[in-house]
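Please look over the sequence and the model below. The paragraphs after it begin with one charged residue and end with the protein as a whole.

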Amino acid sequence: MGLLERCQELFKTSSLYEVLNISKEAAEAEIRRSYYKVSLKVHPDRAPDDPLATEKFQVLGKVYAVLSDKEQKAIYDEQGVVDEESDGLSQDRNWTEYWRLLFPKITVQDIIDFEEKYKGSEEEQQDVLNIYTQHEGDMDAIAESVMCYTQEDEPRIRSIIQAAIDSGEVEAFPAFTQEADKKKRTRRKRADRERKEAEQMQKELGLGDKEDSLMMMIQQKQSSREQNFNSFLSDLEAKYSKKSAPSKKTKKGKK
């Protein structure tokens with residue numbers, strides 16, 4: 001059975017783009033992130049006793065192999081077919097190994113290094129403005145979505161947005177420009193409560209240095225904002241892992 005038929009059977013669609021929940025116009029980085037997020041749900045390490053999940057994982061690897069290869073993607077886009085004989089779709093390929101080559105594990109130190117480079121960068125500024133537009137100025141949603149955000153960052157984040165509004169770069173959404181003081185106080189109280197909970201956890205666990213404190217923050221955020229924080233880790237791992245695709249000569253092995 002070919003790849004498109006397997007997609008139809010396992011994902012109820014023969015469209016490689018729909019399997020990854022992206023559009024045909026998706027950029028390479030978006031394809032990569034979507035592959036990571038979809039495949040993570042059925043990764044063999046997370047579902048070791050589910051043969052269907054393993055099968056889906058292998059098919060997702062093939063979908064990404066096609067869409068990440070310019071020649072194969074062009075053929076698929078133009079003709080709607082997949083070259084089943086290509087090395088990238090080898091039946092003997094170890095798809096778990098292929099996945100890990102694409103997405104090496106992110107360490108606490110990686111997060112620390114990323115935070116130091118990210119905050120104050122042009123990339124952060126553009127991310128903030130994109131999130132601001134996406135959520136139409138809702139600071140609660142912005143605070144939940146901006147990577148590495150803490151309550152102490154709010155004045156800086158607001159200044160980035162306000163400068164963009166003043167220059168006409170983004171729309172002045174009332175949710176931002178007319179945000180009630182009560183909502184601001186509620187957000188700060190929530191942040192203060194979470195900070196105190198984190199400090200208590202740090203004290204109970206005997207944590208002190210920056211790396212231990214960050215690990216504690218990760219644990220605390222996972223319990224209070226698991227979905228958003230897992231999304232942050234997913235974006236970070238997909239975006240900042242090795243950018244070169246694994247060689248088609250990667251050692252093969254049966255999964």
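In this predicted model, Asp83 sits in the loop that runs between helix H5 (70-79) and helix H6 (95-102). Its relative accessibility is 39%. Residues under 20% are called buried and those over 50% exposed, with partly exposed in between, so Asp83 counts as partly exposed. Asp83 also belongs to a negative surface patch, which it forms together with Glu5, Glu84 and Glu85. A residue needs over 30% relative accessible area and no salt bridge to be part of such a patch, and the 39% of Asp83 can be read against the first of these conditions.

Ser34 offers a second case. This residue is part of helix H3, which covers residues 28-40. Is Ser34 buried or exposed? Ser34 has a relative accessibility of 13% and therefore counts as buried. Once neighbours within four places in sequence are set aside, Ser34 is in contact with Leu20 and Ile22.

From single residues we turn to the whole chain. The protein has 14 helices and zero strands, and the pattern read along the sequence is accordingly written with α alone: α-α-α-α-α-α-α-α-α-α-α-α-α-α. Helices H3, H5 and H6, named above, are among them.

How much of the protein is buried? Of its 255 residues, 43% count as buried. The accessible surface amounts to about 14,800 Å², and carbon and sulfur atoms account for 47% of that area. As for contacts between residues at least 6 apart in sequence, 68% join residues at least 24 apart.

Key. Residues numbered from 1 in each chain as written. Predicted model: local features only at pLDDT ≥ 70, side-chain atom pairs only at ≥ 80, totals over all residues. Heavy atoms only, no water. Patch = residues over 30% accessible without salt bridge, like charges linked within 9 Å, V, L, I, M, F, W, Y side chains within 5 Å. Areas by Shrake-Rupley, 256 points an atom, 1.4 Å probe, with all protein chains shown as cover. Salt bridge = Lys/Arg side-chain N within 4 Å of Asp/Glu carboxyl O. Lys, Arg positive; Asp, Glu negative; His and termini not counted. Charge placed at Lys NZ, Arg CZ, Asp CG, Glu CD. Helix = DSSP H or I, 4+ residues; strand = E, 2+ residues; numbered from the N terminus. Buried < 20%, exposed > 50% of the residue type's maximum accessible area, 1.4 Å probe, protein only. Contact = heavy atoms within 4.5 Å.
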